[in-house]
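Trainee: I would like to go through this model with you. Can we take it by question and answer?

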Amino acid sequence: EIFEHEKEILSPISLIFESIINSETVFNKSNEIVIDGDLLKFPLKLRKKEQGDYFYPFGMRGKKKVSKHFKDEKFSMFDKQETWLLVNNNEEIIWIVGSRMDDRFKINNQTNYKLKIKLVK
């Protein structure tokens, strides 16, 4: 579990959490995302994919099964097994870590609290 004021976790993977104060636009990168921190429901957790998991891919409309995302992005069997999902406490997927964030957590004009999450490889 990842609690609200944690700055870093080291296991099972290394993630750094940083509040963003300035208003610069930050784009979704594979190893780094900036999300609307006000939308998070703590504690967050990291877990592997489960049967029927879906998310709303950043920049797209509608939902998509995580398994379909893996297929479309040509993930190997090893990559699928090694990929972590960052989820809210209500199991909403925030980020397929190292791949794509969920559109529901993107920043907008009403965002007060921006949170940058970075995967440290």
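Mentor: The turns below cover a sheet, the nonpolar cores and the aromatic rings of this predicted model.

Trainee: Which strands are the edges of the open sheet of 4 strands?
Mentor: The strand order is β4-β7-β8-β9, with antiparallel pairing. An edge strand pairs on one side only. The edges are β4 (45-47) and β9 (100-101).

Trainee: Which residue stands opposite Leu 86?
Mentor: Strand β7 covers residues 85-87 and pairs with β8, residues 93-96, over 3 bridges. The sense is antiparallel. Opposite Leu 86, in β8, stands Trp 95.

Trainee: Which strand gives the largest share of the largest nonpolar core?
Mentor: That core has 20 residues, and Leu 86 and Trp 95 are among those touching the most other members. β2 (14-20), β3 (32-36), β8 and β10 (114-120) each supply at least two residues. The largest share, 3 residues, comes from β10.

Trainee: Why is the pair of Phe 70 and Phe 75 called stacked?
Mentor: Both residues are buried. Planes under 30 degrees apart count as stacked. The ring centres are 4.6 Å apart, and the pair is stacked because the planes lie at 25°.

Trainee: What is the angle between the planes of Tyr 54 and Tyr 56?
Mentor: Tyr 54 is partly exposed at 36% relative accessible area. Tyr 56 is partly exposed too, at 25%. Their rings form an edge-to-face pair, 6.1 Å centre to centre, with the planes at 75°.

Trainee: Which residue lies over the face of Tyr 54?
Mentor: Elsewhere, the charged end of Lys 48 sits over the ring of Trp 84, 4.1 Å from its centre. For Tyr 54, the distance to the ring centre is 4.3 Å, and the residue is Lys 63.

Conventions. Residues numbered from 1 in each chain as written. Predicted model: local features only at pLDDT ≥ 70, side-chain atom pairs only at ≥ 80, totals over all residues. Heavy atoms only, no water. Pairing = 2+ DSSP bridges. Core = buried A, V, L, I, M, F, W, Y, C linked by side-chain atoms within 4.5 Å. Buried < 20%, exposed > 50% of the residue type's maximum accessible area, 1.4 Å probe, protein only. Phe/Tyr/Trp six-rings, centres within 6.5 Å; stacked < 30°, edge-to-face > 60°. Lys NZ or Arg CZ within 6 Å of the ring centre and 35° of its normal.
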